[in-house]
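Me: I am a first-year student and would like to learn how to read a structure step by step. Could you take me through this one by answering my questions in turn?

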Amino acid sequence: MIHDLPRLRAPRAAALTVMALLLALANNTVLAQTVRLPAPIEKALARAQVPRDAVSLLVVDAGGKLPPRLSYRADVPMNPASVMKLVTTYAALDTLGPDFTWKTKITLDGNLAGGLLNGNMIVQGGGDPKLVVERLQALLMQVQANGARAIRGDIVLDRSAFATPAIDPGEFDGEPLRPYNAQPDALLINFKSLVMTFTPDIPNARALVRFEPPLAGVQVADTVPLVRAGRCGDWRSELRASMDNPNRIDFLGSYSSACGEKVWPSAYADPASFAARAMEGSWRQLGGLMTGSVRDASPQELAMLRKTGTLSGDRAAAQFESPSLPLLEIVRDVNKYSNNIMAQHLFLTLGLNTNPGQAKSGTLEAGRAALSAWWQKRLAGATPPVMDNGSGLSRNERITAASLSALLQQAAKSPMAANLADSLPVAGVDATMRERAKSVAGRAFVKTGSLRDVTALAGYADGNSGARYIVVGLINHPNAPAARGALDALVDWAVKEGGK
């Protein structure tokens, strides 16, 4: 290092430092090439035509007291896809606690008498990651049951708790109507997704179509022609759905009687207006009346409402509050089912709640700063990850297998150990691991990740001896999806304690 060579001129010292780094990298490459991988993993990689230098593998005891049973390119930064959710969910559990909840508040700003509110109803989104339509409507029913059934004014939405840049929902992979591409929103209703249910009505040769949530101003077809068929094929394509028009949804095709009842969640064509449409649609469906519109509050309006104490409830006619599900249940959804938008809400919430003196809104920058500070506090000896949005739905996020292992080891010793482990898919049993690693069903608990050119997993495996191991496998290559079998073989090898 330069400070150890005081007599060298800086350019000479810098050159030696670069040479040292290159030599270290070369030595690591040679060492990696000499590591013998378990035969089932080698065979699976060969079948998938994935070279060894596209793989990073690590199996080590959960206590971190023994040498790794397998370590291959464990210090190489890799794209982990949704395995990055382990970082976000554990940081959230450790920082916010498993009982943390988000709040959605409704404030009545005006005079309330005889069931009529002369004024505005203000809906404050608190970043609830799972404000599904049933919970939203339960909150609105509470408002109506307490005397506000008609509004002579507007429904005003406060979504200022989060501040994220506007992004084209199709930017990531060209699939704007895929629910996983929905963007975070402090007032996230039903994941910004329209859920359509198709039910055959055979006597009338039609399928009934139900939509949830109701969206104000959107005309929807409530039936589709039914055809009798011996099998259910590609029913979504056969419907020939026309969903590009935000004001109308049609089906130009038909539905097969052999399909029975099917559910199709889809993102909405105009996500920016989803909250307003869902709010008005739900209010009116429940029998509520209003003379004005549903609109976003302006920054000036919010500043005045805060200044007058209206949003705190001090000068409100009434205020209602709907807490979210506890964070622990959200973490289970995020890890079991790899829910991207919920993970991003956790990430933004970390930024909002761990930098109270700095962040007035949850931003990606604040989330990154909060995660970085937490990592330095808990895992200072491990190489920090490169975070983007905390969900793994990113081409930019990077982490090493060694760092994932360090995180899982730290978690295993913490009071959150059971909470994190219980949130993970169980090999051969449930969620994203239901059909994988069946040879060791119930013996491994791992988060999976998948993107184009990426397949990954990380978690815990219980060996035949009763020892618990950490298993990490990361593959970055165009043929990565075909190499999942190699990662399943890694889990199998860890449980059966191969190499011991």
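Me: How are α3 and α8 oriented to each other, roughly parallel or roughly antiparallel?

Reply: This is a predicted model, and in it the axes of helix α3 (residues 85–96) and helix α8 (residues 327–337) come within 10 Å and cross at roughly 175°. An angle over 145 degrees counts as roughly antiparallel. The two helices, α3 and α8, are therefore roughly antiparallel to each other.

Me: Which residues of α8 make the contact with α3, and how many residues of that contact are charged?

Reply: On the side of α3 the contact is made by Lys85, Leu86, Thr89, Ala92, Leu93 and Leu96, and on the side of α8 by Leu327, Leu328, Val331, Val334 and Asn335. When these residues are divided by character, eight are nonpolar and two are polar, which leaves the charged ones, and their number is one.

Me: Which word describes the packing of α4 against α6, oblique or roughly perpendicular?

Reply: Helix α4 (residues 133–145) and helix α6 (residues 274–285) pack with their axes 10 Å apart and at an angle of about 55°. Roughly perpendicular would need an angle of 65 to 115 degrees, so the word for α4 relative to α6 is oblique.

Me: What is the handedness of the crossing of α4 and α6, and how many residues of their contact are nonpolar?

Reply: The crossing of α4 and α6 is right-handed. The contact is made by Val133, Leu136, Gln137, Leu140, Val143 and Gln144 from α4, together with Ala278, Met279, Ser282, Trp283 and Gln285 from α6. Among the residues of this contact there are no charged ones and four polar ones, while the number of nonpolar ones is seven.

Me: Which residues does Glu280 touch, not counting residues up to four places away in sequence?

Reply: Glu280 has its place in helix α6. Its C-alpha atom is separated by 6.5 Å from that of Val294, although the two residues are 14 residues apart along the chain. Leaving out residues up to four places away in sequence, Glu280 touches Ala216, Met290 and Val294.

Me: How many bridges join β3 to β4, and how many join β3 to β17?

Reply: Strand β3 (residues 103–113) runs antiparallel to strand β4 (residues 116–124), and one of their bridges has Asn111 with Asn118 in β4 as its partner. β3 also runs antiparallel to strand β17 (residues 318–323), where the bridge partner of Lys105 is Glu321. The number of bridges is nine for β3 with β4, and for β3 with β17 it is six.

Me: Which residue in the turn between β3 and β4 has a positive phi?

Reply: β3 and β4 form a hairpin, and two residues lie between the strands. The residue in this turn that has a positive phi, of about 60°, is Gly114.

Me: Which strands stand at the edges of the sheet β13-β10-β8-β7-β14?

Reply: Five strands form this open sheet, and the pairing is mixed. Within the sheet, β8 and strand β10 (residues 223–227) pair in the antiparallel sense over three bridges, and Leu208 stands opposite Thr223 in β10. An edge strand has a single partner strand, so one side of it is left without a neighbour in the sheet, and the strands in that position are β13 (255–256) and β14 (262–267).

Me: In the three-stranded sheet, which residue of β12 stands opposite Ala241?

Reply: Three strands form an open sheet in the order β9-β12-β11, with mixed pairing. β9 (219–220) and β11 (241–242) stand at the edges, each with a single partner strand, so one side of each is left without a neighbour in the sheet. Two bridges join β11 to strand β12 (residues 248–251), and these strands run antiparallel. Opposite Ala241, in β12, stands Phe251.

Me: Which residue is joined to Glu212 by a cis peptide bond?

Reply: The omega of this bond is about 0°. The residue joined to Glu212 lies in the loop between β8 (206–212) and β9, and it is Pro213.

Me: Over which residues does pLDDT stay under 50?

Reply: The mean pLDDT of the protein chain is 89, and 89% of its residues reach 70 or more. Where pLDDT is low, the predicted coordinates should not be read in detail. The stretch where pLDDT stays under 50, for which the model has eight contacts beyond four places in sequence, is residues 1–32.

Key
Residues are numbered from 1 along each chain as its sequence is written. This is a predicted model: local features need pLDDT of at least 70, side-chain atom pairs count only at pLDDT 80 or more; totals for chains, interfaces and linings use all residues. Side-chain values use heavy atoms; hydrogens and water are left out. Axes are lines fitted to C-alpha atoms, for helices over the stretch in contact, and angles run from 0 to 180 degrees between N-to-C directions. Helices (H or I, at least four residues) and strands (E, at least two) are DSSP runs, numbered from the N terminus. Angles under 35 degrees count as roughly parallel, over 145 as roughly antiparallel, 65 to 115 as roughly perpendicular and the rest as oblique. A crossing is left-handed if the near helix is turned anticlockwise from the far one by less than a right angle, and right-handed if clockwise. Contact means heavy atoms within 4.5 Å. Ala, Val, Leu, Ile, Met, Phe, Trp, Tyr, Cys and Pro count as nonpolar, Asp, Glu, Lys and Arg as charged, and the others, Gly among them, as polar. Two strands pair if DSSP finds at least two bridges between them. pLDDT is the predictor's confidence in each residue, from 0 to 100.
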